[in-house]
Amino acid sequence: MNGADKQGKILRFAHNFMPGLEVFTHYDRSWLRSDLGAGLSVAAIALPVGIAYADLAGVPAVFGMYSAIFPLLAYALFGSSRQLMTGPDAATCIIVAASLGPLAGGDPGRYLALMVVLTLMTGILYVAAGYARLGFIANFLSLPILTGYLNGIALIIVAGQLQKLFGYSGEAEEFFPKLLEFIQKLDQSHLPTLVLGLGLLAVLVILRRIAPKLPAALVVQVVGILAVLLLNLDQQGVAVLGSVPAGLPSLHIAVFEPAVFKELFADAVGIALVSFTSGVLTAKSFARRNRYEIDANQELIAFGACNVASGLAQGFPVTGADSRTAVNNAMGGKTQLVGVVAAGSMLLVLFFLTQPLGYVPTAALAAVIMVSAVGLFDFAELRSLYEISHRELLLSAGTTLGVLILGVLPGVLLAVALSLFWLLTVVSRPQDGVLGRVKGIKGFHNIADFPEATTIPGLILYRFEANLVFFNTDYFRDRVRAVIAASETPVEWVVIDASSINVVDVTSLHKIDELREELAAQGIVLATARAKRNLWKLFNRDWGVKRRDLYAKYRFDTIKSAVRAFNNRASEGVSPEPDSSRVELRSGETLD
């Protein structure tokens, strides 16, 4: 390989690994104006939100700025979405605070050190998952379960900001105790803080309604700064942000005992699962609007790069940010350059304008966080679930209630458990049906859908609409028995239409053989039609060949050929008795 070929191969690898390089090396200058405008607009939203979310994560404001700036640069190189903006996320910040609080033991320095390790660990998990091609985990949490989880997070966030908005001192840590404390201490509210907080909250809501393209969060914080300076509110007991250090962060990674790393790893897995699921949903929705596709595995690597960048900058875990992505899209952003422009703008503020940030009232941050949390609560999806499926609505509401009662971290496990429960519920009792002929329509169809369909006396054509594995095989057997019992004529053959079955396991094969023997004792043949050859891919090759040959005369390529064999059964001498051969699974174990 000559030098030019080697260089070309390296460039192709770099472009595949970092999609942003391809965009920047073939950048269309006509996009520049749109990208600059969108980048400045995103910065105007991302900076105040990053500062506000730092409070959610339990760290000083400057760490929220680090988390808002540096991940944007990483995503610009590694991300496959042209619109997605990454940065602090309310749900992720709440999980971080819930994870690190007990481990830090009230030590702010230890808390910050733990946060950096957690962020880096989350990033490494993301990258490893991307290389392992685990992008399908984006579909692991069903939409109703994810909605319920995020709704619970939204309510926790709102409850946590009440004391800062109303200016009373609170000690409760859980959701329901916080609500009770709010009711009990409402008369202890600090009047200047309450007036300022409610006023800024009203301004924020109004601006978002009448001027959606205006950076309302930035306007509210600027108004709050002016109110503090002009009215000396900080001298009247109104809490302000305080000193914000300028410049770049210093790199520091602490080392902890193995037990701490073990706990952080579990927390990082939960953060990665929830944040990737919500982040990639945002990326997919905006890619769909702009008519292009994203690569979920590349997004895992990109989110990993973002979290590694945030961790090295002493920030907290980040993900795709729907509000900032929506701003980018609304302002006509074309490429990943938007993130570079936004990050550059915020860096200028970090270097030269941190002094005014010290006068941002805490009540203003609480207003921004509360409005963001209300936006996180998905009323529309709940209304849609009410109209579509009461069962999935209950699952979503149960997830929300579980998060509120059990807490944020157990809520992640609950969401996963409910998703698995829902999956097993659906797959363990799938759709099925007896098939018949319908006049004027080719093929065989479910007689429940076509009452006029005709069946052949003595023959049952039965379709099972799912894979056949250990947790639904008993249901399959019970359904076959029920169909036979409901037949108006004596049954001689049962033909399983296996076209919908893509996977079988050892348990199902054992039980099918037991069913075959049971039916044979009643003089009934159990046959299959349209079975896929890849059914045997999970088994040893030689064993699979023997298994296919064992009941070859009861296996048909089409339903029509099975019907023909049934009609010709007397002349062909087909017997319901199973073959007496035995196929060994492993030493000492057989399929009878």
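Leaving aside neighbours within four places in sequence, which residues is Leu264 in contact with? The legends below, for a predicted model, answer this in the view of the largest nonpolar core.

**Figure 1. Overall view of the predicted model.** The protein has 592 residues, of which 52% count as buried. Its secondary structure consists of 24 helices and 10 strands. The C-alpha trace spans about 100 × 75 × 55 Å along its principal axes. Of the contacts between residues at least 6 apart in sequence, 80% join residues at least 24 apart.

**Figure 2. Close-up of the largest nonpolar core, with Leu264 and its contacts.** Leu264 is in contact with Leu100, Leu103, Leu114, Val117, Leu118 and Met121, leaving aside its neighbours within four places in sequence. The core holds 111 residues, and Tyr149, Ile157 and Leu264 touch the most other members. Helix H3 provides the largest share of this core, 13 residues. A second, separate core has 27 residues, including Phe464, Val483, Val494 and Ile501. In soluble globular proteins, nonpolar side chains tend to be buried together.

**Figure 3. Close-up of the largest pocket.** The volume of the largest pocket is about 1,300 Å³. Its lining comprises 48 residues, and those nearest its centre are Asp322, Ser323, Ser372, Gly375 and Leu376. Two or more lining residues come from each of several helices, among them H3 (32–57), H5 (90–104), H7 (143–166), H9 (191–210), H10 (216–231), H13 (322–330) and H16 (362–376). Helix H11 (258–289) is also in this group, and H11 gives the most to the lining, with seven residues. By class, the lining of the largest pocket has 28 nonpolar, 11 polar and nine charged residues.

**Figure 4. Close-up of the second largest pocket.** The second largest pocket has a volume of about 890 Å³. There are 29 lining residues, with Leu56, Ala97, Ala98, Glu173 and Lys178 nearest the centre. At least two residues of this lining come from each of H3, H5, H7, H8 (175–185), H18 (390–406) and H19 (408–428). Helix H7 supplies the largest share, six residues. The lining of the second largest pocket divides into 16 nonpolar, seven polar and six charged residues.

**Figure 5. Close-up of the contact between helices H17 and H18.** Two packed helices are described by the angle between their axes and the distance between the axes. For H17 (residues 379–388) and H18, the axes come within 6 Å and cross at roughly 145°. On the H17 side the contact is made by Leu382, Leu385, Tyr386 and Ile388, and on the H18 side by His390, Glu392, Leu393 and Ser396. By class, the residues of this contact are five nonpolar, two polar and one charged.

**Figure 6. Close-up of Leu194 in helix H9.** Is Leu194 buried or exposed? Leu194 has 17% relative accessibility, and because buried means under 20%, Leu194 counts as buried. Not counting residues up to four places away in sequence, Leu194 touches Leu165, Phe166 and Ser189. His390, shown in the view of H17 and H18, is 196 residues from Leu194 in sequence, and the C-alpha atoms of Leu194 and His390 are 40 Å apart in space.

Methods: Residues are numbered from 1 along each chain as its sequence is written. This is a predicted model: local features need pLDDT of at least 70, side-chain atom pairs count only at pLDDT 80 or more; totals for chains, interfaces and linings use all residues. Side-chain values use heavy atoms; hydrogens and water are left out. On a 1 Å grid over the protein atoms alone, a cavity is a set of points where a 1.4 Å probe fits but cannot get out, and a pocket is an open set with protein on both sides within 12 Å along at least five of seven lines; lining residues have an atom within 4 Å of a point. Grid points are joined across faces, edges and corners, and a volume is the space filled by probe spheres set on the points. Helices (H or I, at least four residues) and strands (E, at least two) are DSSP runs, numbered from the N terminus. Ala, Val, Leu, Ile, Met, Phe, Trp, Tyr, Cys and Pro count as nonpolar, Asp, Glu, Lys and Arg as charged, and the others, Gly among them, as polar. A nonpolar core is a set of buried Ala, Val, Leu, Ile, Met, Phe, Trp, Tyr and Cys residues joined through side-chain atoms within 4.5 Å. Buried means under 20% relative accessible area, exposed over 50%, partly exposed in between (1.4 Å probe, protein chains only). Contact means heavy atoms within 4.5 Å. Axes are lines fitted to C-alpha atoms, for helices over the stretch in contact, and angles run from 0 to 180 degrees between N-to-C directions.
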